[in-house]
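Student: Could we walk through this structure together, one question at a time?
Tutor: Gladly; here it is.

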Amino acid sequence: MQSLRPAPFNVVSGDTEGTTWALPEGAIVRLGKGFQSYQNDSDIALSPDGAYFVVGTCVGLWWYDVSSMSPIALWETERGMISAVDFSPDGKWVATANWDGVIKMLDIQSGECVAQMKPSEEHNIYKHIAFSPDSKWIATASIATAKQVGIIEVLDVQNGVCIAQLERESHDGRSNYIPQLGFSPDGRYVAATVGKQTYIWDPRTGAPIAKFTGIKFAFSPDSRLLACENPYTIPHTTPPRGASHISVCDIATGERIAHFTEHSDTLRTITFSPCGQFLAASDENSKLHVWNLTEGLLTETHTDYEMSRVEPIYLPDGTLLATVFTRETIEVWNVQQRRKLWTYEPQPESIGDQWFSECPELPIAHFQSDEPKPIDEKHTFPTLHEPLCYLYPAVFSPDGETLASGRALKGLVLWDIGRKQARDIFIHDKLFVCFDVLDFLPCGDILAVSRNHDTFKVWRISETEEVSIAEFTSPTELRRHVLAVSGYQVACGGGTLYLWDLEHNQKPKSLMGHTEHIWSLAFSPDGKRLASGSSDKTARIWDVEAGEEIAMLPLDRPRRTMALAFSPCGGVIATGMQGELRLWCAETLTTLFAIPQPQTADPYALAFSPCGKYLASGTWWQKGMEKMAIRLWDVATGKNIHTFWGHTTDVQSLDFSPDGTLLASGSFDGTILLWDVKPFIGS
């Protein structure tokens, strides 16, 4: 198949990593490639010829060259929020679905949209999108939610219409989850797993054809057989342990023609050989079995992988390879020869680590690319070492040369502002150390609070050491929580507000007053006062040392305060509420300005400039919005002096550089944008 090179949209000369590609006006760099869709494993796809792969993130559709593992284009940045992608088998199109429920067919060479459809008026986030073998149809599956079951549909690509919605039995809760969707190799069937059942339909009519017990499936190359995982629980183990058998069934008759019981753990992957004579499967116990289907016998067992994740993949010539994920490396093995072919050494919790994990075919495609690869060496790709980061605050260092942020699952990243890339990663070797709040101490060390289940840890992090200086356990009502720090004081709010003085190792103070969940907290610059906002529709000011309430902000009507910030001098308090930004005199608690906000622009992130003359506010996403607003306000007049538009979803944190020339915005879209504010507020 001839390789069709994608249109090089948004590429910036000299920027090989894409940090300045498709930047919104006023931004100087983007840190992070963007959050990938939750509950999803279909937001990355390898082209049919193995030359390119695409990754759909909240930023857009990233194109990468397989041989170099470098970005070569960035598409769909107008909205971004890509939730699922797939290549047409003929290699001419790529299909995308976004969080707004819009599906597009994009011509690979031109980048033009050749078809667009929105099958349902409901707000669907698609978990899967899959082309039929002839590229005429696509099957889609939306994510099941508490209010909506996952919907499976077949769409006509040329006419942009839904030709069938696939009916199935109703399932409750988790059993509505749809982990797998795909067409049979000949296109006669479409199959999906829902709960613990695998359904097969006629894609032209949506009529059900068969139903088998199984939560993973694979079609035989001639589309005659279906292999399904049959999960069960091994009794008399503590805790009870899951395991799986494999059934191979004739689709037309429903007859089970083979049943394999050699696996004693839950399966990972099932795959047929190209000739259809063999079936390979791997399990959670790192075992890989191969059966001869004609004889119904186990022919090979491989246990060479030492508690690693093993993903078997047959090549078109029948060679069985495997991608093996160890704790420190990703390896490509020739299974029959029991020989390691290639080793990649990823950065833990990096984009390369995640993308290879989601697409096990990718390391094999790279190994097969034209670039020579010494077998005995460990290989790295600098362009794939970028950390995953989202949902956490971004904070400038006192010298303004570094930005600190949390990572996806664990650790803390220091970004070098001048070089526009990650410099250091801390606490990456601890399990699930996720940071909810962090701040720089005057000496330059970082004070950060992490949470693992109900346990909070306070860390002091420097260039030379990572020390846990305190630990406390949250009450049940703090399972949903908000944190704030000031020096060595930590405030934590949920159903109740607690205050810890870590420097004097005092027992936590319980600040009683709020009657419902606490959403926002902010310390005054001197650490003597604490402001809090709650679902009880009050905002309160506390004396930190006494642990007592000073006053309530005199709201004109009850409303939930979702964001709070003190000015650097402590004289002004800013509050972000639904539909309104309000500035208060911190001494008299009188309103300075009440600034109505557009209906879809709730200011739920706030930050004052170092001089205190300006305030930045960031909005949260609401249905119908494409880009989020970050507004700059003159504190003296309440005037909106400029608005930046950039993130594709909630702006969750804002911070000015110490010299006031840059504004960092962290978003749920998994990126941090640095904005040049000099033209609007000076230095």
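Student: What share of the residues in the chain is buried?
Tutor: Keep in mind that this is a predicted model. A residue counts as buried when its relative accessible area is under 20%. Of the 683 residues in the chain, the share that is buried comes to 59%.

Student: And what radius of gyration does the chain have, next to that of a compact globule?
Tutor: For 683 residues, a compact globule would have a radius of gyration near 26 Å. The C-alpha trace spans about 85 × 55 × 50 Å along its principal axes. The chain agrees with the globule value, as its own radius of gyration is 27 Å.

Student: How many helices and strands are there in the chain?
Tutor: Let's put contacts beside the element count. Among contacts with a separation of 6 or more, 45% are between residues 24 or more positions apart. As for the elements, the chain has 3 helices and 57 strands.

Student: Which residues have the most contacts inside the largest nonpolar core?
Tutor: That core has 29 residues. Elements giving two or more residues to this core include strand 3 (52-56), strand 28 (330-334), helix 1 (351-358) and helix 2 (361-368). Another core, of 18 residues, lies apart from it, and Ala607 and Tyr614 are among its members. Back in the largest core, the residues with the most contacts are Phe53, Met69, Trp355, Phe356, Leu362 and Leu384.

Student: Take Phe356 from that list. Which residues is Phe356 in contact with, leaving aside neighbours within four places in sequence?
Tutor: A contact here needs heavy atoms within 4.5 Å. Two of the partners, Leu362 and Leu384, are also listed with Phe356 among the residues with the most contacts inside the core. The full set for Phe356 is Met69, Phe325, Ile330, Trp342, Tyr344, Leu362, Pro363, Phe381 and Leu384.

Student: Ile330 sits in strand 28. Why is strand 28 described as largely enclosed?
Tutor: In a regular strand the side chains alternate between the two faces of the sheet. Here Ile330, Val332 and Asn334 point one way, Glu331 and Trp333 point the other way, and all are buried. Strand 28 is therefore largely enclosed by the rest of the structure, the buried count being 5 of the 5 residues.

Student: Which residue of strand 28 stands opposite Thr323?
Tutor: Strand 27 and strand 28 are joined by a hairpin through 4 residues. They pair in the antiparallel sense over 5 bridges. Within strand 28, the residue opposite Thr323 is Val332.

Student: On to strand 29, then. Which residue there is the bridge partner of Trp333?
Tutor: Strand 28 and strand 29 run antiparallel and are joined by 5 bridges. Their hairpin has 4 residues between the strands, and Arg338 in the turn has a positive phi of about 50°. The bridge partner of Trp333 in strand 29 is Lys340.

Student: Phe53 was in the core list too. Which residue is the bridge partner of Leu46 in strand 3?
Tutor: Strand 3 belongs to an open antiparallel sheet of 4 strands in the order 2-3-4-5. The edge strands, strand 2 (44-46) and strand 5 (70-75), each pair on one side only. Strand 2 and strand 3 pair over 3 bridges. Across that pairing, the partner of Leu46 is Phe53.

Student: Why do strand 43 and strand 46 each have one side without a neighbour in their sheet?
Tutor: The strands here form an open antiparallel sheet of 4 in the order 43-44-45-46. Strand 43 (518-523) and strand 46 (548-552) stand at the edges, so the reason is that each has a single partner strand.

Student: Inside that sheet, which residue of strand 45 pairs with Ala531 as its bridge partner?
Tutor: Strand 44 (residues 529-534) and strand 45 (residues 539-543) pair in the antiparallel sense over 5 bridges. The bridge partner of Ala531 in strand 45 is Ile541.

Student: Last one: is Thr648 buried or exposed, and which residue's backbone oxygen lies 2.9 Å from a polar atom of its side chain?
Tutor: Thr648 is in the loop between strand 54 (640-645) and strand 55 (651-656). With a relative accessible area of 2%, Thr648 is buried. Beyond four places in sequence, Thr648 touches residues including Arg79, Trp621 and Asp669. The backbone oxygen lying 2.9 Å from a polar atom of the Thr648 side chain belongs to Cys58.

Key
Residues numbered from 1 in each chain as written. Predicted model: local features only at pLDDT ≥ 70, side-chain atom pairs only at ≥ 80, totals over all residues. Heavy atoms only, no water. Pairing = 2+ DSSP bridges. Core = buried A, V, L, I, M, F, W, Y, C linked by side-chain atoms within 4.5 Å. Buried < 20%, exposed > 50% of the residue type's maximum accessible area, 1.4 Å probe, protein only. Polar contact = N/O pair within 3.5 Å; in protein donor to acceptor, adjacent residues only side chain to side chain. Rg over C-alpha atoms; globule rule 2.2 N^0.38 Å.
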